Amino acid sequence: MHKTSNIIQEMETSMATIAVCTCMVATVVLGWKVLNWVWLKPKRLEKRLREQGLQGNSYRFLIGDTNQILQMRTEAKTKPMRLSDDIVPRVAAFELHTINKYGKNAFVWLGTRPWVLIKDPELIKEILNKINDFPKPPRNPYFKLLASGLVSYEGEKWAKHRKLINPAFNLEKLKIMLPIFFQSCNDMISKWEAMLSSEGTCEMDVWPFLQNLTCDVISRTAFGSNYEEGQRIFQLLREQALLVRKVFMKAYIPGLRFLPSKTHRRMKEIARDIETSLKGQETTSSLLVWTMVLLSRYPDWQQRAREEVLRTFGNKSRDFDGLSHLKIVTMILYEVLRLYPPAIALVRTIHNNLKLGNLILPAGVDLSLPILLVHHDHGLWGDDAVEFKPERFSEGVSKATKGQVSFFPFGWGPRICIGQNFSMLEAKMAVALILQRFSFELSPTYVHAPDTAYFLQPQYGAQVILHKL
């Protein structure tokens, strides 16, 4: 009996020893992984990038350049800018600072990951063409709450869903949607007319109206008669975008999103309540609001566009063929997209060591394609790169870009935005109807403050004065 007791004690001691050893090994392994994640891997990547001739700030433990990015963006947002289309210093302050300091071959740190800034059109073309070599990076968990669906899928899953969704955006389906576009635009304009004074003028912030317009269009096309359900979902999307922006720039720590904070709980609650396939509508509202701002500032182009619309349609209904022949309106929309692209950058990642141009980039590096910086690049667009000149698109995009990938507001290549034609057709319809009914100018209360939430938008709204024609 005593012998048995000793055996049991020895077994218990052995098991305890094994448990302690296992815990120690697990602790060492976990510690090594954490150390590799927060220091060794970033420093290794930094060394590899510098060997390729790329320059940037030295890696800072865990946060990288995040604090400096936040500080510069916060400073930029505290004051409006002069009435100019040179918006890069306000909207992409840190990226511009980095390029000015280190040259075009530069990288920045978002937390523990280096982002190489790619502005060369040939390299951009290669990246956007080779979608398997340069996929989208794993989404920040917060952005999964905002932009899941086709936009975030990769590989076979993306190909399958793209194939399923593509028929909804073909030419014949878009023609069928025209009456919906017209009805939504007409409803908005009717609201504006009801707000006019006896003199036929009215000062208003058009930004919320244009947001509601694009929500209305998607609501009607996606939900049919269930318009209220669509409006509810888009209100939730706007709230979600603000919450995502609030937390995104913080250095991401695994497990942080599971903490039961008020913000995290609300984000998850909204995510459960959103139909993720409807998240592209802000692109059109961004395009429309900046179009109205620019046409307010450039009345000669506003008048030229109005004359074209009246010459094409008169008082007739807006049909597909007529909209497709609005050359001046199209030139204006392209120039607005160049100066004020809804998304200011695209991000791709590298899972395996790859050659890109003359660079050999290591796995674990992200690539930032800064749409806004490329669209405003003097070397690509000339000395007037930050000036509103729609005539540069008079012979189409290919001629304006000299065949380079220097204009890609909807992306480019196999993954170009599937809703591009939908958005452009909706924008043409809205612009045509507005020009037929009103002339407009900026209000003295307008404050020029381009800002990014999820898309580029006016921080303080877009106050204009409407005049009934």
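This passage walks through confidence, a hairpin, a pocket and two unusual backbone angles in a predicted model.

Residues are numbered from 1 along each chain as its sequence is written. Because the model is predicted, local features need pLDDT of at least 70 and side-chain atom pairs count only at pLDDT 80 or more, totals for chains, interfaces and linings use all residues, and side-chain values use heavy atoms, with hydrogens and water left out.

Confidence comes first. The protein chain has a mean pLDDT (the predictor's confidence in each residue, from 0 to 100) of 85, and 77% of its residues reach 70 or more. Two stretches fall short of that: pLDDT stays under 50 over residues 145-150 and again over residues 161-165. In the model, residues 145-150 have 24 contacts (heavy atoms within 4.5 Å) beyond four places in sequence, while residues 161-165 have 9. Where pLDDT is low, the predicted coordinates should not be read in detail.

Next, the hairpin. Helices and strands here are DSSP runs numbered from the N terminus, helices being H or I over at least four residues and strands E over at least two. Strand β1 (residues 107-110) pairs with β2 in the antiparallel sense over 4 bridges; pairing calls for at least two DSSP bridges between the strands. Across the pair, F107 faces V116 in β2. Just 2 residues separate β1 from β2 in this hairpin, and G111 in the turn has a positive phi of about 70°.

Strand β2 turns up again at the second largest pocket. A pocket is found on a 1 Å grid over the protein atoms alone, as an open set of points where a 1.4 Å probe fits, with protein on both sides within 12 Å along at least five of seven lines; lining residues have an atom within 4 Å of a point. This one holds about 310 Å³ of space, a volume being the space filled by probe spheres set on the points, which are joined across faces, edges and corners. Its lining counts 19 residues, with K104, N105, K119, D120 and L123 nearest the centre. The elements giving two or more residues to that lining are β2 (113-117) and α5 (121-129).

Finally, two residues other than glycine have a positive phi: L62, near 70°, and K402, near 55°. L62 sits in the loop between α1 (2-51) and α2 (66-77), and K402 in the loop between α18 (397-401) and α19 (420-437). With a relative accessible area of 19%, L62 is buried (under 20%, using a 1.4 Å probe and protein chains only), whereas K402 is exposed at 65% (over 50%).
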